[in-house]
Amino acid sequence: MRAAPKTHTSFGMAGRGVVICLFRPRNIILEAFLVSTGIVALAEIGDKTQLLAFILAAKFRNPAPIVIGILVATVANHAFAGALGSWITLLMEPQTLRWVLGISFMGMAIWTLIPDTFEEKNARLTRFGVFGTTLVAFFLAEMGDKTQVATVALAARYDAFFSVVAGTTLGMMIANVPAVLLGDRIAHRMPARLVHSVAAGIFAILGLATLLGAGERLGF
């Protein structure tokens, strides 16, 4: 005998949201994770937070606490950004959200092509130690940065908080761990313009797909 389908009538709106989040198709979860990882890893090349990673590595020459500080700061920052993106989906009608996200992704494509600069004075927090300096400086540098804004948009686009935050965090680490470990040996060898062009292209594709209605299958 076939088992009766499960119902969730006992859940409130929050409960239904949790069920949908946990049991939505796995390919969407995987897509959110992979796109978030790839696009942030590319956008981070030459970004001001990667420049900060180079500066911290040269200043302290102690990679372990720097890497841990970057990880903790990124998780905290992107968890906030992801939560904001998920919250935004509750505020807007699906069609309005689609237009906002589509235009936002197109704007991110343009922003990614603009080179970043970073002033070394922003990393002068040595009274907190290596880990504390990295944590505070990296968290502050990431506020309002393109990768944080991308996390907000991706979380709203896919409505998959954990996959997006995990992906954007991994993308940040992929770009910044080599910067800490190898420093100047790779600083001038990365084809930043080419990488940024690829990232901009991905943002533009996401924006166009969203505007054309591809996001309807994700619940837009």
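Is Arg-61 buried or exposed? Select Arg-61 to find out: at 71% relative accessibility, Arg-61 counts as exposed. In this text, buried means under 20% relative accessible area, exposed means over 50%, and partly exposed lies in between, with a 1.4 Å probe and protein chains only.

**Before going further**

The model is predicted: local features need pLDDT of at least 70, side-chain atom pairs count only at pLDDT 80 or more, and totals for chains, interfaces and linings use all residues. Residues are numbered from 1 along each chain as its sequence is written, and side-chain values use heavy atoms, with hydrogens and water left out.

**Stop 1: the whole chain**

Show the protein chain as a cartoon. It has 10 helices and 0 strands, where helices (H or I, at least four residues) and strands (E, at least two) are DSSP runs numbered from the N terminus. Of the 220 residues of the protein chain, 44% count as buried. The chain exposes about 11,700 Å², and carbon and sulfur atoms supply 69% of that area. Such areas come from the Shrake-Rupley method with a 1.4 Å probe; for residues, only the protein chains shown count as cover.

Now consider contacts, meaning heavy atoms within 4.5 Å. Among contacts between residues at least 6 apart in sequence, 89% join residues at least 24 apart.

Next, colour the chain by pLDDT, the predictor's confidence in each residue, from 0 to 100. The average over the protein chain is 80, and 75% of the residues score at least 70. Select residues 1-25: here the pLDDT is below 50, and beyond near neighbours in sequence the stretch has 10 contacts in the model. Where pLDDT is low, the predicted coordinates should not be read in detail.

**Stop 2: Arg-61 again**

Return to Arg-61, in the loop between α3 and α4. Its phi is positive, about 50°, although Arg-61 is not a glycine. Most residues other than glycine have a negative phi.

**Stop 3: the nonpolar patch**

Select Ile-68, Leu-71, Val-72, Val-75 and Phe-131. Together they form a nonpolar patch on the surface, with about 380 Å² of accessible area. Patches are made of residues with over 30% relative accessible area and no salt bridge; like charges are joined within 9 Å, and nonpolar side chains (Val, Leu, Ile, Met, Phe, Trp, Tyr) within 5 Å. Which helix gives the largest share of the patch? Helix α4 (residues 63-91) does, with 4 residues. An α-helix has 3.6 residues a turn, so residues three or four places apart point the same way.

Phe-131 is found in helix α6. Phe-131 counts as partly exposed because its relative accessibility is 36%.

**Stop 4: helix α6**

Extend the selection to residues 129-142, which make up helix α6. The expected span of a helix is 1.5 Å times one less than its number of residues. For the 14 residues of α6 this gives 20 Å, and the end C-alpha atoms are 19 Å apart, which agrees. The buried residues of α6 are Val-130, Gly-132, Thr-133, Thr-134, Ala-137, Phe-138, Ala-141 and Glu-142. After α6 comes Gly-144, with a positive phi near 75°.

**Stop 5: a salt bridge**

Select Asp-47 and Lys-146. Their side chains meet in a salt bridge, 2.9 Å from N to O. A salt bridge is a side-chain nitrogen of Lys or Arg within 4 Å of a carboxyl oxygen of Asp or Glu. The pair links distant parts of the chain, 99 residues apart: Asp-47 is in the loop between α2 (26-44) and α3 (48-60), and Lys-146 is in helix α7 (residues 146-158). By this rule the count comes to 1 salt bridge.

Both partners are covered. Asp-47 is buried, with a relative accessible area of 0%, and Lys-146 counts as buried at 1%.

**Stop 6: helix α7 and what follows**

How many of the 13 residues of α7 are buried? The number is 12, so the helix is mostly covered. Among the buried residues are Gln-148, Leu-154, Arg-157 and Tyr-158. The expected span of α7 is 18 Å, and its end C-alpha atoms are 18 Å apart, which agrees.

Asp-159 follows α7 and sits in the loop between α7 and α8 (161-182). Phi of Asp-159 is near 50°, a positive value in a residue other than glycine. At 36% relative accessibility, Asp-159 counts as partly exposed.

Finally, add Ile-29, in helix α2. Ile-29 is partly exposed, with a relative accessible area of 24%. Ile-29 and Asp-159 are 130 residues apart in sequence and 9.2 Å apart in space, C-alpha to C-alpha.
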